[in-house]
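The exercises below ask you to read a model step by step. Try each task yourself before you turn to its solution.

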2 protein chains.
Amino acid sequence: MPGISDVARLAGVSTATVSRALSGNGAVSAETRVRVTQAAASLGYVVSSDASSLASGRTRNVGVVVSHLSRWYFTAVIEGAQRVLLQRGYDVTLYNLGGEGEERPRVFEHHLLRGRVDAVIAVALKLTEDEIGRLLAIGKPVAGVGGPLPGASTVTIDDVHVGRLATEHLLALGHRRIAHLGGRPEFDLEFHVPTSRRLGYEAALLAAGIAPDPALSVAGDFTIPGGHEAARRLLEPALLESAQRRPTAVFAASDEMAIGAVLAARELGLSVPGDLSVIGVDDHPLAAFFGLSTVAQHVERQGEQVAELLLRTIDPPRRHGPAADDAPTTLHSPVDLVVRTSTAAPADHPTPTTRNA
Amino acid sequence: MPGISDVARLAGVSTATVSRALSGNGAVSAETRVRVTQAAASLGYVVSSDASSLASGRTRNVGVVVSHLSRWYFTAVIEGAQRVLLQRGYDVTLYNLGGEGEERPRVFEHHLLRGRVDAVIAVALKLTEDEIGRLLAIGKPVAGVGGPLPGASTVTIDDVHVGRLATEHLLALGHRRIAHLGGRPEFDLEFHVPTSRRLGYEAALLAAGIAPDPALSVAGDFTIPGGHEAARRLLEPALLESAQRRPTAVFAASDEMAIGAVLAARELGLSVPGDLSVIGVDDHPLAAFFGLSTVAQHVERQGEQVAELLLRTIDPPRRHGPAADDAPTTLHSPVDLVVRTSTAAPADHPTPTTRNA
DNA sequence: GTGAAAGCGCTAACAG
DNA sequence: CTGTTAGCGCTTTCAC
């Protein structure tokens, strides 16, 4: 492990110049820079991040806090964020608050405060004002993905819009009895995602002159088994009664639930989309395989976006006029309707209509 | 941000004593320890990891290198490893080599060498001798999960055994025409997992006096769509020819492929397990939902195990006699057969037989 | 554009 | 058991 002084000696300059040449901070003549760079390369010199951090106060590392890891959404965000961070020379330190344990306080009161990160990203996690406050107090910017954070910048999608978009697609196909697979109340803790999507669904129905039927709204847990179970709960009683009562379409608040619903429908002898149209949300990796129509969100992109947001404040591009303003921003990430083969006009209503009020 | 000297002043001792009291290194009288601890707590003091690392040479951080993130296996390993690491006060810095880009050399030649980690864990990634050598040369132990690493400790499962176990289960049920869904050659790069499982399958068949039929072995890519496609490729031609030729059971080298196969079978009008038994490997989170019989491996546990392995060398328990030997270990993690509802005796062979040679 | 020198905040001998 | 004293390997004024 050669040190900076080895490089300095070899290049015939001072350590200060080596530091400047290698970091790009401070002016160095072109030829000196070349000499230093070559010396460093020939020695295999890599700056010690600890020494550098200690002296400069900047770690070039950002913390990512998540509540789960083994779910598509979280890893997709992390992949996006990590990609841009790594490419800018930053490391990513991961804190998984998974287990119910005391991880959370430990992470916020110890790990994140020991100065190992320059900033933190919260993924679909509602931080308390206290948690955010403490970080901000020691000069660590905080940003989040997936919902509002008191006093921090975030990137999200408009979940009401998502619900509306999905429902309007079904209405436009001519469906009138449209069911909804949403989230359980306890699931609403994080940012009201389920509620917002349901609100959009109801708004779209209302705008089409249809009164939302509480009997058509059931709760799941956002997983495939959860969607399957919820869909059976919805469809089985309906099948026993009049065909009249049976919904002809389902809007599931996540693709995983939608996939569960498709599977449940098949089991009950209903063809999709012949007897039942199903639409989800996310554009999950499995959506295409199941031919699922969905409201796509671009999760990796969202990860890239938070990272960019954060970098703008901790690592502003060189030669910048007014400092990037520190006011919390909210960035709305786009969503778009992807129509595949799980949605079609209802059997008794072959001609798609445009929406009517 | 109070510093160690603030704590020292408040507790009426020297900074050295504070360091000793808080880190547990070096003897401190019980009452001094209490005073220091209280002083630290009342000030909200947290040691600066950079300063501490610089002075001590230990970072209390381990790097985890993965080739993907958005796959169940990888995140499960990370969750397990992170849990034990965090609980021992370690941070986890994640390096995702995902994209084809130049991430890999950058990570190995720069990020991992800048002294931010005490050790590195490779998850289902084959490191070159050079990559491992460089890390070892600067005193960073390396350990891996999912396959042998030249010169490093690892935890794995016995994949030949896995293949044998699954196949023996099908044989014991009375199946004779047993197909295999394995991996494409290019998939074999990482540790020969697909090949080993197939070898176990063939060994079991041979032991039962059955010659493996190349036509019954098809390749997939370890995903649900991949398994689905492979299963169709296997079953469709067979269905067109004599029922004789059709396999009565399938051993898929991963649960995801097995799920794809179950779905494909249903589409082709075959009932599982009535017409076709299917068994996978992993005990994937969706396995139970699909009633999939499988050879379970305990992935999170494997993550815990590598972490423990590594900690033993970088953070040996206090009062230890001979230092933990540094010779690379290979730890075989157990697997076990989980029988659910996707496997049963073949239709024409109602009585399960015991294996016969 | 470059060098000298003073730390960054802690830990680890070494005395006592 | 505790204090003193050197650094750990860089970055950054401040002069030149």
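**Exercise 1.** Find which polar contacts link the protein to DNA strand D, and describe the surface near that strand.

*Solution.* Begin with A:S52, which has a polar side-chain atom 3.3 Å from a phosphate oxygen of DNA strand D in this predicted model; a polar contact is a pair of N or O atoms within 3.5 Å, and within protein one atom must be able to donate a hydrogen and the other to accept it, while residues adjacent in sequence count only if both atoms are side-chain atoms. Next, a backbone N or O atom of B:S14 is found 2.9 Å from a phosphate oxygen of DNA strand D, and a polar backbone atom of B:A55 lies 3.2 Å from a base oxygen of DNA strand D. The elements giving two or more residues to the surface near DNA strand D are α2 and α4 of chain A together with α2 and α4 of chain B, where helices (H or I, at least four residues) and strands (E, at least two) are DSSP runs numbered from the N terminus. The largest share, 4 residues, is that of α4(A).

Then consider the whole surroundings: 23 residues surround DNA strand D, and the closest are A:S19, B:T17, B:R20, B:S29 and B:T32, a residue being near if one of its heavy atoms lies within 4 Å. Of the strand D atoms within 4 Å of the protein, 64% belong to sugar or phosphate and the rest to bases.

Before going on, note how the model was read: it is predicted, local features need pLDDT of at least 70, side-chain atom pairs count only at pLDDT 80 or more, and totals for chains, interfaces and linings use all residues. Residues are numbered from 1 along each chain as its sequence is written, chains are lettered from A and ligands numbered from 1 in the order in which they are written, and side-chain values use heavy atoms, with hydrogens and water left out.

**Exercise 2.** Work out which residues come nearest to DNA strand C, and what they touch.

*Solution.* Of the 22 residues around DNA strand C, those that come nearest are A:T17, A:T32, B:I4, B:S19 and B:Y45. The side chain of B:Y45 has an N or O atom 2.7 Å from a phosphate oxygen of DNA strand C, whereas a backbone N or O atom of B:A51 lies 3.3 Å from a base nitrogen of DNA strand C. Sugar or phosphate accounts for 69% of the strand C atoms within 4 Å of the protein, and bases for the rest. The largest share of this surface, 4 residues, comes from α4(B).

**Exercise 3.** Follow the open sheet of 12 strands from one edge to the other.

*Solution.* The order is β11(A)-β5(A)-β4(A)-β3(A)-β1(A)-β2(A)-β2(B)-β1(B)-β3(B)-β4(B)-β5(B)-β11(B), with mixed pairing; two strands pair if DSSP finds at least two bridges between them. The edge strands, β11 (330–332) of chain A and β11 (330–332) of chain B, each pair on one side only. Within chain B, β1 (residues 61–66) and β2 (residues 91–96) run parallel and are joined by 6 bridges, with B:N61 opposite B:D91.

**Exercise 4.** Is B:V117 buried or exposed?

*Solution.* First locate B:V117, in the loop between α6 (103–109) and β3 (119–123) of chain B. B:V117 counts as buried because its relative accessibility is 2%, buried meaning under 20% relative accessible area, exposed over 50% and partly exposed in between (1.4 Å probe, protein chains only). Finally, leaving aside neighbours within four places in sequence, its contacts (heavy atoms within 4.5 Å) are B:T59, B:N61, B:V62, B:G63, B:L112 and B:K140.
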